[in-house]
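Please open the structure in your viewer and keep the sequence at hand. We will take a short walk through it together.

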Amino acid sequence: MARSFKTLDDMGDVAGKRVLVRTDLNVPMADGKVSDDTRLRAAAPTIAELSDKGAVVLVLAHFGRPKGKPDPTMSLAQVTQPLTQVLGREVRFVDWDSAPDAVANLSPGDIALIENTRFHAGEEQNATDVIDMIASLGEFYVNDAFSAAHRAHASTEGVAHRLPAFAGRQMEAELDALEKALGNPGHPVAAVVGGAKVSTKLDVLKHLVGRVDHLVIGGGMANTFLAARGVDVGKSLCEHELVPTAEAIFEAAERADCTIHLPYDVVVAKEFAADPPSLRTCNVHEVAPDEMILDIGPSATEALGDVLKTCRTLVWNGPLGAFETRPFDTATMALARTAAALTREGSLVSVAGGGDTVAALNQAGVSDDMTFVSTAGGAFLEWMQGKELPGVAALSREHLAR
Ligand code: ADP
Ligand code: MG
């Protein structure tokens, strides 16, 4: 695939060179310990590869929101030991004051974790002095933090214009997967969008109708679209003020030859609780005034499976029901298993992302069977809206031609 960005393969000989690597080490902590090391494991391959090639690896990351000044509770010092463990090699911690001297004294293959980039006010402002200061530490720049690429900060965007810039392995995998899913996908393409509210994903829906062949709407946001079709959704979560917007999306879909799929049966209850006594499945036209729609029904789930069998590509964001509470996880779990099975068989390229969607895939135990699961949160959603991500744009070849 012709890529618009350079990767570690394009760096040439990095032995003895100082390479700045922007990673995402913003790991959750509990009782002073890293409670989920997913991000450390994701950052490890690029760091290890550069170290193996003899580079002096200077790891950059932000940690929490220290608001532009040093805050010991948000020091990356506390991530040094966990990163050492995940990498299985020594990582030394370097604070900002000693960085220039410390960096000069490192040897080929050494790995240093530099203090929280957000200790500088100029980081989030993408200020020239901070860009210059960071760039002066290294000779090459590698961005391996797709999840921070929707922000134009000094360490995610500015430095890319000062030094030869490359995508790390994690960034490369994410960009390749997203390109396969929406940039240049195999058709037919299905997008499944769920979650609680239309208002949080309006731009996603607007962008997708022009790009995909099938748009399947589930979760709480389907209720607003059902209401736009004249369905009485009872006590369901529904943004009635967005009915005109939903109508506009129907029209845009019609013009773009995109089929919108709404559920025709649903799972309802009078109270939102696990296994409530009032639980029942009904046609969308039979929801009582005191009932809430909490999942799409079995016929709708089966129809969704049939659509996916005809498709070559799936992009998925947002659960189909209130999946945290049983049995309203049923449709979401079924979709996860169907997508995973079709991907294993080789008939579907499946890309999914979003905090709750990732949790749902883990709950179904099928994350590893999908083509790609993005843990990038906000950056993934901005990409689904068709926005250009500044951190990615800064890596593109045109920007680098200078
Ligand atoms: P993601 O984090 O994957 O982008 P969202 O945050 O948009 O997903 O949506 C997930 C939330 O939507 C979950 O908390 C889920 O309970 C809720 N949800 C899904 N369907 C419904 C529904 N029918 N009624 C109420 N909440 C729902
Ligand atoms: Mg969420």
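The paragraphs below visit two groups of strands, then a pocket, and then some backbone details.

Before we start, please keep in mind that this is a predicted model.

Let us begin with strand E6, which covers residues 111-114. Which way do the side chains of this strand point? Ile111 and Leu113 point one way, while Ala112 and Ile114 point the other way. In a regular strand, side chains alternate between the two faces of the sheet. Are these four residues of strand E6 buried or exposed? All of them are buried, that is, Ile111, Ala112, Leu113 and Ile114.

Now look at the partners of strand E6. Strand E4, residues 56-60, pairs with E6 in the parallel sense over three bridges. If you would like an anchor for your eye, find leucine 58, whose bridge partner in E6 is alanine 112. Strand E5, residues 92-94, also runs parallel to E6, and three bridges join the two. Here the residue to find is phenylalanine 93, which stands opposite leucine 113 in E6. To follow the chain from E5 to E6, trace it through helix H3, residues 99-104: E5, H3 and E6 together make a right-handed β-α-β unit.

Further along the sequence, there is an open sheet to look at. Its three strands come in the order E13-E12-E14, and the pairing is antiparallel. Which strands sit at the edges? They are strand E13 (280-283) and strand E14 (292-296), each of which pairs on one side only. Neighbouring strands of this sheet are turned against each other by 45 degrees on average, with direction ignored. Strand E12, residues 265-269, pairs with E14 in the antiparallel sense over four bridges. Within this part of the sheet, valine 268 stands opposite isoleucine 293 in E14.

Next comes the pocket, perhaps a natural stop for a computational chemist. The largest pocket has a volume of about 740 Å³. It is lined by 25 residues, and those closest to its centre are Thr38, Val358, Val373, Ser374 and Thr375. Which elements give two or more residues to this lining? They are helix H1 (38-52), helix H6 (169-183), helix H12 (355-364) and strand E17 (372-374). The largest share comes from H1, with four residues. Sorted by class, the lining of the largest pocket has eight nonpolar, 11 polar and six charged residues.

Finally, let us turn to the backbone. Most residues other than glycine have a negative phi, and most peptide bonds are trans. Against that background, four places deserve a look.

Where are the cis bonds? One is the peptide bond from histidine 187 to proline 188, with omega near -5 degrees. Proline 188 lies in the loop between H6 and strand E9 (189-193), and H6 is one of the helices that line the largest pocket. Another cis peptide bond goes from arginine 326 to proline 327, with omega near 0 degrees. Proline 327 sits in the loop between strand E15 (313-317) and helix H11 (330-345).

The other two places concern phi. Asparagine 126 is not a glycine, yet its phi is positive, at about 55 degrees. You will find asparagine 126 in the loop between helix H4 (121-125) and helix H5 (128-137). Aspartate 275, likewise not a glycine, has a positive phi of about 40 degrees. Aspartate 275 brings us back to the open sheet, as this residue is found in the loop between E12 and E13.

Definitions and conventions: Residues are numbered from 1 along each chain as its sequence is written. Chains are lettered from A and ligands numbered from 1 in the order in which they are written. This is a predicted model: local features need pLDDT of at least 70, side-chain atom pairs count only at pLDDT 80 or more; totals for chains, interfaces and linings use all residues. Side-chain values use heavy atoms; hydrogens and water are left out. Two strands pair if DSSP finds at least two bridges between them. Axes are lines fitted to C-alpha atoms, for helices over the stretch in contact, and angles run from 0 to 180 degrees between N-to-C directions. Buried means under 20% relative accessible area, exposed over 50%, partly exposed in between (1.4 Å probe, protein chains only). A crossover is right-handed if, with the strands pointing away from the viewer, the path from the first strand over the helix to the second runs clockwise. On a 1 Å grid over the protein atoms alone, a cavity is a set of points where a 1.4 Å probe fits but cannot get out, and a pocket is an open set with protein on both sides within 12 Å along at least five of seven lines; lining residues have an atom within 4 Å of a point. Grid points are joined across faces, edges and corners, and a volume is the space filled by probe spheres set on the points. Ala, Val, Leu, Ile, Met, Phe, Trp, Tyr, Cys and Pro count as nonpolar, Asp, Glu, Lys and Arg as charged, and the others, Gly among them, as polar.
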